[in-house]
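Student: I've got a structure to go through and would like to quiz you on it. Shall we take it piece by piece?

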Amino acid sequence: DNEILVFQANTLVANVVERLNLDMSYKHRIGLRKLELYTYSPIQVRFLETSKTQAVSLEATPLNEGEVRLANFETKDFEKQEDLVVQLNDTVETVMGKIIVSPTLYYGEDFYGKKIEVNKFKRKAITNYYQSKLQVALASKNATLINLSIQDESRIRAEDFINTLIAIYNEDAINDKNEMARTTSNFINDRLIIIEKELGGVDTQIEKFKRENKLTDIQSEAGIFLQESSVYSKEALGLEGQRTLAGYIKEYLTNPAKKTDLIPANTGINDSGIEGQIKEYNEILLKRDRLIANSSEKNPVVMDLNNALNAMRQTVIRSVDNYILSLDIQIRNIVDREKQTTKRIEAVPSQQKYVTTVARQQKIKEELYLYLLNKREENELTLAITQSNARIIDSARGSDIPVAPKTMMILLGACMLG
């Protein structure tokens, strides 16, 4: 039901109208009826100074390979205009403002002397018209297929409308998915900048200490310490990296400026529960934003989703807090083990211990930096392979037989009238 409402949304239809220039109409009289030329029009008229809220019309008659007569200028906003004979592709001053008449591939002798009725409709009015004509329905009660149909005086225009409607719908869906990936990408990039600065500071700190204390091969001098603390280093790298990532997420969640934004997902936290909560929150937030685009903040469904989002965000914050608490406990346990090891290496000079501590910080930041770089690459791949929401089973196909007016009804009425 949500997707049916999305297909019928005024914003989506307006995008189709703009992309196909459906506010422009070119008609040619054949007998008693007017034929919509659509893309087969021999000319294209551009009104350079009329707004989307103005409706204007005129008649254009191709005279020869270089000239067109413009007549019957009609609009409520301007004075009457005398007939004009203009050159193709020239900019012409009229009471409607500047106009350019350009030939198309169909311009030729077949249209010389034949009047073409050119109408420019108000953008909002033509959007509402197509929105009212569009029919969207489920193929069956239990199906996930949607039937789209529209009646129009031009079969080709109707087909283009349906195909373009689906194309823009898929583009919007892909943009929604990519927005989540872009939020994550921005989050990772911000953290990479911070870590780059911190790594530069650690390198400078080690260089200064070695220079002041005239130290050379620190690893050889502190070999015993590194061997006995190898277990700590392996566990600490992972735990402290996770603690830093969790802290970044907590900072993002509690930032008032990010309250209405998507929460970065797939950042590398080793807690599937938190990642699942974030994914569910982002999906509901995107659904809420689509509903707001087609209604308002006061929509009861939107208000219910807002309440659900607030509760879910608090749940995510509590989960992250619990995760941070668990990591802190594990880190403290490892620190206690390190203290026991430190007692056995009291003979190690203080310079060696200092450099080892700083080097360990550097290693942690390097591991985290490389990890985030890999995550950024994964996120870029996600952006590159994002698939659309809808798959087209049958492309739009118009009927070769007119659906209106009913020929037999007209003949019957004519016979009854004599």
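Student: Which residues are linked in a network of salt bridges?
Tutor: Keep in mind that this is a predicted model. Five side chains join up in one network of salt bridges, and they are Lys27, Glu36, Asp152, Glu153 and Arg157.

Student: And how many salt bridges does the count come to?
Tutor: The rule asks for a side-chain nitrogen of Lys or Arg within 4 Å of a carboxyl oxygen of Asp or Glu. Applied here, the count comes to 12.

Student: What does Asp23 meet in a salt bridge, and how many residues apart are the two?
Tutor: The partner of Asp23 is Arg123, at 3.2 Å from N to O. Asp23 sits in the loop between α2 (10-20) and β1 (24-30), while Arg123 belongs to helix α3 (residues 123-133). This pair links distant parts of the chain, and the separation is 100 residues.

Student: Are Asp23 and Arg123 buried or exposed?
Tutor: Buried here takes under 20% relative accessible area. For Asp23 and Arg123, the label is the same: both are buried.

Student: Which residue forms a salt bridge with Glu117, and where is that residue?
Tutor: The closest N and O atoms of this bridge are 2.5 Å apart, and the partner is Lys34. Glu117 lies in strand β9, with 83 residues separating the two. Lys34 is in strand β2 (residues 33-36).

Student: Are Glu117 and Lys34 buried, exposed or partly exposed?
Tutor: The band between 20% and 50% is the one to check. Glu117 has 23% relative accessibility, so Glu117 falls in that band. Lys34 has a relative accessible area of 37%, so Lys34 is also partly exposed.

Student: Glu117 has a polar contact too. Which side chain does Glu117 make it with?
Tutor: The two side chains come to 2.8 Å in this polar contact. The other side chain is that of Asn119.

Student: Where is Asn119, and is it buried or exposed?
Tutor: Asn119 has its place in strand β9 (residues 116-120). Its relative accessibility is 14%, and the cut-off is under 20%, so Asn119 counts as buried.

Student: Which residues does Asn119 touch, beyond those up to four places away in sequence?
Tutor: One of them is Asp23, the residue that meets Arg123 in a salt bridge. The full set is Asp23, Met24, Ser25, Val56 and Ser57.

Student: How far apart in space are Asn119 and Val45?
Tutor: In sequence, Asn119 and Val45 are 74 residues apart. In space, C-alpha to C-alpha, the distance is 9.5 Å.

Student: Which parts does the salt bridge between Arg243 and Asp328 tie together?
Tutor: The closest N and O atoms of Arg243 and Asp328 are 2.8 Å apart. Arg243 lies in one helix and Asp328 in another, so the bridge ties together parts that are 85 residues apart in sequence. Those helices are α7 for Arg243 and α9 for Asp328.

Student: Why do Arg243 and Asp328 count as partly exposed?
Tutor: Partly exposed lies between under 20% and over 50%. Arg243 counts as partly exposed because its relative accessibility is 28%. Asp328 does so because its relative accessible area is 23%.

Student: Let's go inside. Which residues touch the most other members of the largest nonpolar core?
Tutor: This core has 41 residues. Helices α4 (155-213), α7 (230-253), α8 (272-294), α9 (300-343) and α10 (350-384) each supply at least two of them, and the largest share, 12 residues, comes from α9. The residues touching the most other members are Ile195, Leu253, Val320 and Leu372.

Student: Which residues is Leu253 in contact with, leaving aside neighbours within four places in sequence?
Tutor: Val320 is among them, and Val320 is also listed with Leu253 among the core members with the most touches. The full set is Ile263, Arg313, Val316, Ile317 and Val320.

Student: How many residues are in the second, separate core?
Tutor: Its members include Ala9, Val16, Val17 and Tyr169. The count is 24 residues.

Student: Which residues make the nonpolar surface patch?
Tutor: One member, Leu105, is in the loop between β8 (97-103) and β9. At 85% relative accessibility, Leu105 counts as exposed. The patch covers about 380 Å² and is made by Tyr40, Leu105 and Tyr106.

How values were computed
Residues are numbered from 1 along each chain as its sequence is written. This is a predicted model: local features need pLDDT of at least 70, side-chain atom pairs count only at pLDDT 80 or more; totals for chains, interfaces and linings use all residues. Side-chain values use heavy atoms; hydrogens and water are left out. A nonpolar core is a set of buried Ala, Val, Leu, Ile, Met, Phe, Trp, Tyr and Cys residues joined through side-chain atoms within 4.5 Å. Buried means under 20% relative accessible area, exposed over 50%, partly exposed in between (1.4 Å probe, protein chains only). Helices (H or I, at least four residues) and strands (E, at least two) are DSSP runs, numbered from the N terminus. Contact means heavy atoms within 4.5 Å. A polar contact is a pair of N or O atoms within 3.5 Å; within protein, one must be able to donate a hydrogen and the other to accept it, and residues adjacent in sequence count only if both atoms are side-chain atoms. Patches are made of residues with over 30% relative accessible area and no salt bridge: like charges are joined within 9 Å, nonpolar side chains (Val, Leu, Ile, Met, Phe, Trp, Tyr) within 5 Å. Accessible areas come from the Shrake-Rupley method with a 1.4 Å probe; for residues, only the protein chains shown count as cover.
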